[in-house]
Amino acid sequence: MTNLPDFLLEPVIRAALMEDLSPMGDVTTRAVVPASTRYEARVNAREEGVVSGMQVAALAFRLVDPALAVTTHVADGHPCGKGQCLMTISGSAASILMGERVALNFAGRMTGIASLTASFVAQTRGTKTRITCTRKTTPGLRLIEKTAVAHGGGSNHRFGLSDAILIKDNHIAAAGGIRAVLEAAKAARSHMMRVELEVDSLDQLEQALSIGGADVILLDNMDTPTLRAAVALTHGRVVLEASGNMRLDRIAEVAATGVDYISSGALTHSARTFDLGLDF
């Protein structure tokens, strides 16, 4: 995956540095580490996984001190082994220490997401099914977390509410039924806007297919036999996304039903922070 432009990531990283260093900077380092001290530090992986957040970590160090020399040894989206050095940072020891926690917080969070995503993706091997994330992200960190999903081999669902028309059960209830929401969506959409409709039964799926207007149908909280029946009923007329209770131990059997996508909020809301260390 090609890295995002730094300027898109910088506001999030700058805010995290402000949170950590305001209002008086790193008083501990200023008190005990001479300003002239220079060092080379290493960011090391303490377990196996798929790397993400190296671009973000490097940017954090450079925002603290542009004179720091940052070298990435394992690029985002690539696997790493336990004990492997992912990055070296050379220059002012004080600057490295000031950027350490923010850089590791981002890289550990992102590598955890990428590694979990890669585990989900591995369960779809041999099928056409792709893994995608949701909007269940940490407020303010959606760009960071969705980037990590992509590094893990997953797909990104819509970024926000303005990307696509996604009609869920509450929309259907508020608008007066499936026909009402699909006809309203068809009238409101532009030629560039896709429409996705959530259904939770085969009866709703049949109704949606007969009305038309949905590009994607989200099959919500269906058991595996029902998902298999939905794929057979659809005959490839629309893209099918399975969602709800998509645990890692269920992905292989759901992918085998023939759905096009499996979406899981767990990729971002339940990923464990990856164990990274910065060693002098």
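**Exercise 1.** Determine which elements the buried residues of α7 pack against, and on which side or sides of α7 these residues lie.

*Solution.* The buried residues of α7 pack against β7 (165-167), α6 (169-175), β8 (195-199) and α8 (202-211), where contact means heavy atoms within 4.5 Å. This is a predicted model, in which local features need pLDDT of at least 70 and side-chain atom pairs count only at pLDDT 80 or more, while totals for chains, interfaces and linings use all residues. Residues are numbered from 1 along each chain as its sequence is written, and side-chain values use heavy atoms, with hydrogens and water left out.

Next, list the residues themselves: in helix α7 (residues 178-188; helices are DSSP runs of H or I with at least four residues, strands runs of E with at least two, numbered from the N terminus), the buried ones are Ile178, Val181, Leu182 and Ala185. Buried means under 20% relative accessible area, exposed over 50% and partly exposed in between, with a 1.4 Å probe and protein chains only. These buried residues cover an arc of only 95° around the axis, taken from the directions from the helix axis to the C-beta atoms, and therefore they lie on the same side of α7.

**Exercise 2.** Describe the surroundings of Ser92 and of Ser95.

*Solution.* Begin with Ser92, which belongs to strand β5 (residues 85-92) and is buried at a relative accessible area of 16%. Setting aside neighbours within four places in sequence, Ser92 is in contact with Thr37, Arg38, Asp65 and Leu68.

Turn then to Ser95, which lies in helix α4 (residues 93-122) and is buried at 7%. Not counting residues up to four places away in sequence, Ser95 touches Val64, Asp65 and Leu68.
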